[in-house]
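Ready for a few warm-up exercises? Take a look at the structure first, then work through the tasks one by one.

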Amino acid sequence: MSNSRQGGERQVLQYDVVRLAGELRAQERGTVGTDARSRALYAADGSNYRAVPELVVVPVDQADLAAAVALTAAAGAPVTLRGGGTSMAGNAIGGVVIDASRHVNKIVDLDPAAGTAVVEPGVVLTDLLAAAKPHGLAFGADPSSGSRATLGGMIANNACGAHSVAWGTTADNVLALEVLLPDGTRLTVDAPDAAGAAAGAGGKARAAGTAAAGGVDVAARREYYARKPGREGELHRGLQGFVDRNQLVIERRFGLFGRQISGYGLQWLLPAHGYNVAGLLCGSEGGFAATLQATVRLTRLPRAKVLCVLGFADSVTSADCVPVVLRHGPLTMESINHDLVERLPTEVRNAAIHAGLPAGRAWLLVEMGGPDQQAAAKAAEPMLEELRDSGSPATASLVTDPKAQAVLWRCRTDAAGLATRRADGAEAWGGWEDAAVPPERLGAYLRGLDELLSRHGLSGASYGHFGEGCMHMRIDFDLLSRRGLTTYREFVEQATDLVVELGGSVSGEHGDGRARSELLTRMYGADGVRLFGEMKDLWDPTRVMNPGMIVDPPPLDEQIRHSGPAKDRELLTVFAYGNDEHSFAQAQRRCVGIGKCRQSSGGVMCPSYQVTKEELHSTRGRAHLLWEMLEGDLVTDGWRSTEVRDALDLCLSCKGCLSDCPVNVDMATYKAEFTHHHYARRPWARPLSHWSMGWLPLWSRLAARAPKLVNAVANRKLVKRLGGIAVQREIPQFADQSFEAWFATRTAKAGAQGKVLLWPDTLTNFLVPEIGKAAVEVLEAAGFEVVLPDKPVCCGLTWISTGQLGVAKRVLERSLAALAPALAAGTPIVGLEPSCTAALRQDAPDLLPDNPLATAAAASTYTLAEFLINAGWEPPQVGGEALVQPHCHQHAVLGFDADKALMAAAGIKAVVPDAGCCGLAGNFGFEADHYDVSKAVGERVLLPAVREADPRTAILADGFSCRTQISHGTDRRPLHLAQLLAIALHQEK
């Protein structure tokens, strides 16, 4: 039996977990997980909380979802519906978690003429936006988490987003919901037909109050629903009796401004809103019913948008100008500050300044729309004029280029992750995350909040929806100690009083959940909270639907995720984790559940998730399991954990998360660390590929003695199987002469520009020496004398990626010793293989933090493009178009700007598809168990793009893995940038 304690004297739900699991497995076509791995994966969401579920159900379709909800509720078990798990309030964890995001995610219908769409609850917002965009339509509520937030979750929390100032919240844009009550009753609730009928009218109608009801005969509408038979009619009669009894208090306390999200939206039942039951369900946090399908209104987009960026000395000053800007009808008004911009990757920060970020330490991104760009820009002029006349100190930049606008918007969309670390590396958390006040009182709120932070010795980075008076914050709370939690509670209670005094809401977007439900008494009073209890009982008399959210809440400082044993684990690690105070435990706290790794398309992170769509194969899923390994109550075997091993199995070690994750989770490093310890003193347990490909540098040097013999037998199936290599893969051929051997036969050519050491990586040296030869030609043409190390060198990457870190360290130490004379002479090092260059730049200092040669080598190592751009070389005119696949490690560690600049200087029109990882990823794509995933990753974008490229378009990929995947999957043979430049040099001669 399981007792689901919901805190204090609250209801305790008793049910037989084993029996329920059996019933679910008998009737569900999806998966039912009771194992430690499944439960650990779903024990946390995007909040500070942890609540381990008893069961995890992943239904395959709407019918399966309905059956899971009905069976669970009938058993008296808590039903927790989950979408992307991105909410920061802790309202998608605990009980029986039912994840609709993987399979129940179809866009059932999209009607451009009517401006509507019918969606299942697991549809990700960006997928709906992509389907609507060709028709000039969008969904009005667009939170920054839209690349992973599901419509079901957005409905549950009444998500808002950047454009709610113009187009309203989710509740303003939901027309009908097909739902399942906990007793199994299936029914449809809707909004009145005339509510905001014109596309884009939702926000304005909401603000106008009675306008939302339009011309609807509310009395007839109510009577129609009250006459429904059975449970449906009973429910509507109960709702109507409730609103009739409490109409005065609802009118006075609810729906007073757009971002009053806390509690239930009781105002939607008022005659002024046309008895909008669908609106009521939005923001109920899954506490009333399960959404099976939704009909939503789509907003007609303006044909053109411009971005007016206003700069201020501080956030308070920027807040004071909000009422002025609002008078000019902006589509959105979002805030970011200097602290967040400083934490962006350097290339993104520089790009933002280049795109038009004006002087200041706080900025408002104000978007204006129009039928064309000229009209949109003209719409901004009166606003800027009034700001000047009002004496506002704002600096301003008008950005019209869509690409430049996208760069500036990234500063805002990545804010939730960037804010989790202060500039000095200290941790910061949500907890007082998205309170809102009427926009005209935002300046007063920020001044009061600054005073409160100062009183408690706290600081925080802020960003948010200033046009709606809603501000997000990550504050440096100490959530690891009892004293810190006491301060946290005191701060939140006092901040609540400040918000209530200003007529605000403790939640302005993410819902109340575990983080704020306890505070509702301070906001609405005991009589207001009593109304919530009555409403909950009308829908869910047994209180099994997501119990503890809004009604009967647990204390806000209970079940704090990071206050458990994990924080005290002091593990002896091989990597230094210098950015996390040399603590593996602190490194695992980086993942706060934002879930950007769950995006369905675009970016490098996370390639395996984009193929499988399983939480287990997301960066977040892996990070959660590593953290649970430290917590130790679910995942109990420490470094020997098979749960963690299996979660890491499909990690390609692409390092995409290091750059694409807003909190810079470095799963490739964590995987190498874990794998090292997992197989420590158990060499027989290692996969065969760790020996065949992990030791590739050694085998390559041996193969170079008889390359023809090795090539003759390497591709035999038996040889591949003995090496753990997929039989479908063609093993690359060893060159007849290595690059080092070729180089030794030539006469050194002096260079007026000095010496440069070319790093002879294993792949270039033994497999593709022609790339090394081309690089020598290019560097000499640039005026440099090329030298090689006097002794064999290796970056150790193959041993790092297979978790053989002891060997990797020894290899690196020998290689660095060989580099010592060049480093002492100040000779720069140029790498040709991006993964090896990145290893020297990042992995070597982390593995050998006390070796000054590692630090010196990292500072002296360049890509070919970086080196040539820094040298000011004018390349030959190559011309033409090139489809370019950047290597993941270059994307994550080295950057690609220099390559773009060099190609532009050479007259190359570079086309870089948003392909992410190629899918081969070193040894990963060669391993027998990973072949299918490897191919699926390549087929997602890259391989089709190569096949569709014009035959005259060059295919360019500096990474050996990328070139191999392209060669195996298409009939094209890609080149290295050095080769393209060398060909042009020959043509010039």
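**Exercise 1.** At what angle do helix H8 and helix H9 pack, and how far apart are their axes?

*Solution.* Keep in mind that this is a predicted model. Start by finding the two helices: H8 covers residues 218–226 and H9 covers residues 230–253. Their axes sit 7 Å apart, at an angle of about 140 degrees. Next, put a word to that angle. Over 145 degrees would count as roughly antiparallel, and 65 to 115 as roughly perpendicular, so H8 and H9 are oblique to each other. Finally, see who does the touching: H8 brings Arg222, Tyr225 and Ala226, while H9 brings residues including Gly233, His236 and Val243.

**Exercise 2.** Is Asp899 buried or exposed?

*Solution.* First, locate Asp899: look in helix H41, residues 897–905. Then check its relative accessibility, which is 3%. Buried means under 20%, so Asp899 counts as buried. Now look around it. Leaving out residues up to four places away in sequence, Asp899 touches Thr863, Ala865, Gln890, Asp958 and Leu977. For a sense of distance, try Arg686: it is 213 residues from Asp899 along the chain, and their C-alpha atoms are separated by 38 Å.

**Exercise 3.** Which residues form a nonpolar patch on the surface with Trp699?

*Solution.* Begin at helix H29, residues 696–703, where Trp699 lies. The partners of Trp699 in the patch are Leu698 and Leu702, and together the three have about 260 Å² of accessible area. As for Trp699 itself, its relative accessibility is 40%. That falls between the 20% and 50% cut-offs, so Trp699 counts as partly exposed.

How values were computed:
Residues numbered from 1 in each chain as written. Predicted model: local features only at pLDDT ≥ 70, side-chain atom pairs only at ≥ 80, totals over all residues. Heavy atoms only, no water. Patch = residues over 30% accessible without salt bridge, like charges linked within 9 Å, V, L, I, M, F, W, Y side chains within 5 Å. Areas by Shrake-Rupley, 256 points an atom, 1.4 Å probe, with all protein chains shown as cover. Salt bridge = Lys/Arg side-chain N within 4 Å of Asp/Glu carboxyl O. Helix = DSSP H or I, 4+ residues; strand = E, 2+ residues; numbered from the N terminus. Buried < 20%, exposed > 50% of the residue type's maximum accessible area, 1.4 Å probe, protein only. Axes fitted to C-alpha atoms, helices over the stretch in contact; angles between N-to-C directions. Parallel < 35°, antiparallel > 145°, perpendicular 65-115°, else oblique. Contact = heavy atoms within 4.5 Å.
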